[in-house]
Structures are given as C-alpha cells and as structure tokens.
Amino acid sequence: MYNVLFKRLPGNEEIELPSKMSELAAGFDLRAAVSEPITLVPGERKLIPTGFAMAMPGELEAQIRPRSGLAFKHGITCLNTPGTIDADYRGEVKVLLVNLGQEPFTIERGERIAQMVFQVVPAVTVQEADELPDTVRGTGGFGHTGV
C-alpha cells in the first residue's frame, strides 16, 4: 500500500479530490477546477487545472489518461497520453485536453475530465554496451510484422 498526499489549492475547496467511481476501478477521476466554463472548439487544446497538488512516494508515477466516455461521446481526449507526473513534482496537476470531435465542447467547473492511474516505477540501471544480444525480431520496427 502506498500513501499519496493530496493538497487542495486555495479557491478549490468544493472541488472533489481524485476518486474512484467504482470499487475495482484502476483510475481516479480528476475534475476541472476552472473558474468559469471553458469551451474547446474542434481541434483546440487547453491546459485544464484540477485544483490540487500531490506528493507520492518515489516508487510511483501518476499517469493521466482520457476518460473513455468523453472520448467516445464528444471526441475529448488527452494529449501526451499517458502523461506522466513524477514523484518529485509539487505543482498543480493539470490536464492537457484536446477536442477531436466535430462540435464545440464546454468544460464546467467540477466536471470529470480525465483519470489518474498510479504505477510503480522499476529501479533501472543504464549500461552502455558495444554490442546487443540478437533476437528473432532484430531491428524490425514500425509495421514490420504486418498491417
């Protein structure tokens, strides 16, 4: 079990902190802490505040991901997804949303806009090598296994 601390930022006392919408949900829903409604026209992107900052153990990262309902119904998704929040970041969590739909979409204060999933980050050591071990795949990439 990992403890993650959430701090509400001033002026956002009524905005719900990240929460799971079902018992077995992987993601914590994030809500918009906009001061007034924001409309995203098709093709437009904006950084949406959530009204909180957090502190998590160094073994974790938080990934910001789209909400499937917003993506399916309105074409609203996250750019740079999944976006990573590093354990040493202490600023306000914000979500980079884009409207890939055909209609303008208005984001209201308190609306669920994305989800945050916590992942364990493995300890990795980088080592330089003159040669790499061979594999069946070799250097094949980008579509080399078919369409």
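**Notebook: a three-stranded sheet and a listed binding site**

I began with a single pairing, and I noted that the bridge partner of I76 in strand β9 is N99. I keep in mind throughout that this is a predicted model.

**Entry 1, the sheet.** I then looked up the sheet as a whole and found that it is open, with three strands in the order β4-β9-β7 and antiparallel pairing. I wrote down that β4 (45–49) and β7 (76–78) stand at the edges, and because each has a single partner strand, one side of each is left without a neighbour in the sheet. From one strand to the next, the twist averages 40°. As background for myself, I recalled that the strands of a sheet pair through backbone hydrogen bonds, either parallel or antiparallel. For β7 and strand β9 (residues 94–99), I found the antiparallel sense, with three bridges between them.

**Entry 2, T77.** Is T77, a residue of strand β7, buried or exposed? I found a relative accessible area of 16% for T77, and since buried means under 20%, T77 counts as buried. I also looked up what T77 is in contact with, leaving aside its neighbours within four places in sequence, and the list reads P66, L96, L97, V98 and L100.

**Entry 3, the listed site.** Turning to the record, I saw that an unreviewed UniProt entry lists R67, S68, G69, N80, T84, I85 and D86 under "binding site". These residues span 20 residues in sequence, and their farthest two C-alpha atoms are 26.4 Å apart, so they do not all gather at one spot. From this set, I found N80, T84, I85 and D86 in the lining of the largest pocket.

**Entry 4, T84 and I85.** I looked up two residues of that set in turn, beginning with T84, which is found in strand β8 (residues 83–85). T84 has 45% relative accessibility and therefore counts as partly exposed, a class that lies between the 20% and 50% limits. Apart from neighbours within four places in sequence, T84 is in contact with E61 and A62, and the side chains of T84 and E61 are joined by a polar contact of 3.1 Å.

Which residues does I85 touch, not counting those up to four places away in sequence? I85, which also lies in strand β8, touches M54, M56, E61, A62, I64 and V93. With a relative accessible area of 9%, I85 is buried, whereas T84 is partly exposed.

Methods: Residues are numbered from 1 along each chain as its sequence is written. This is a predicted model: local features need pLDDT of at least 70, side-chain atom pairs count only at pLDDT 80 or more; totals for chains, interfaces and linings use all residues. Side-chain values use heavy atoms; hydrogens and water are left out. Two strands pair if DSSP finds at least two bridges between them. Axes are lines fitted to C-alpha atoms, for helices over the stretch in contact, and angles run from 0 to 180 degrees between N-to-C directions. Buried means under 20% relative accessible area, exposed over 50%, partly exposed in between (1.4 Å probe, protein chains only). Contact means heavy atoms within 4.5 Å. UniProt positions are given in the numbering used here, feature names are shortened, and annotations may be inferred rather than shown by experiment. On a 1 Å grid over the protein atoms alone, a cavity is a set of points where a 1.4 Å probe fits but cannot get out, and a pocket is an open set with protein on both sides within 12 Å along at least five of seven lines; lining residues have an atom within 4 Å of a point. A polar contact is a pair of N or O atoms within 3.5 Å; within protein, one must be able to donate a hydrogen and the other to accept it, and residues adjacent in sequence count only if both atoms are side-chain atoms.
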